[in-house]
Amino acid sequence: MFEVVLHWNQTSTPHVFGLLDSGSMRTIFKAELANVLGITDLHRFPTATISTGGGPLVAHLVDLELEFVLDEGSNRFACQVGFAHIPRHVLGRDIVFSKYTLAFDERAQIVYYREFQG
């Protein structure tokens, strides 16, 4: 889990936790979080159909800024995320794995990360 904040048009969400999902190609947040940002009509944004274990899912794609809240400070950058009717916020490979080198210690239940220096 990573703590994040979304920023769009001078509006920000509260801190939320996103589940790091190495099997997800896209980063997707609950549709309700779009309302917090003042995005009241998601249908005006382009869509992508995403395959999930529960079947296809339609996500509305929005360009915004995502901020990772990390121990050593924050890291804020522009990106595109999806909003959909899902049970939890999902941090997918499109953003997290392109920004960070990650390692997992399953026994200690720790995720190690380092910003990608490429």
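**Burial, strand pairing and a surface patch in the predicted model**

Valine 62 is buried, its relative accessible area being 0%. This value, like the others reported here, derives from a predicted model. The residue belongs to strand β6, which spans residues 55-70. When residues up to four places away in sequence are left out, the contacts of valine 62 comprise Trp8, Ile39, Leu42, Phe45, Cys79, Gln80, Val81 and Phe83. For one of these partners, glutamine 80, the separation from valine 62 is 18 residues in sequence, whereas the C-alpha to C-alpha distance is 5.4 Å.

A second element of interest is formed by strands β9 and β10. Strand β9 (residues 100-105) pairs with strand β10 (residues 110-115) in the antiparallel sense, and 6 bridges join the two. Within this pairing, phenylalanine 104 is placed opposite valine 111 of β10. The two strands constitute a hairpin in which 4 residues lie between β9 and β10. Glutamine 109, located in the turn, adopts a positive phi of about 55°.

At the surface, Met1, Phe17 and Leu19 make up a nonpolar patch of about 320 Å². Leucine 19 is situated in strand β3, which covers residues 16-20. Its relative accessibility is 34%, and leucine 19 is therefore classed as partly exposed. This value falls between the limits of 20% for buried and 50% for exposed residues. Leucine 19 in β3 thus contributes to a nonpolar surface patch, while valine 62 is buried within the span of β6.

Key: Residues numbered from 1 in each chain as written. Predicted model: local features only at pLDDT ≥ 70, side-chain atom pairs only at ≥ 80, totals over all residues. Heavy atoms only, no water. Patch = residues over 30% accessible without salt bridge, like charges linked within 9 Å, V, L, I, M, F, W, Y side chains within 5 Å. Areas by Shrake-Rupley, 256 points an atom, 1.4 Å probe, with all protein chains shown as cover. Salt bridge = Lys/Arg side-chain N within 4 Å of Asp/Glu carboxyl O. Buried < 20%, exposed > 50% of the residue type's maximum accessible area, 1.4 Å probe, protein only. Contact = heavy atoms within 4.5 Å. Pairing = 2+ DSSP bridges.
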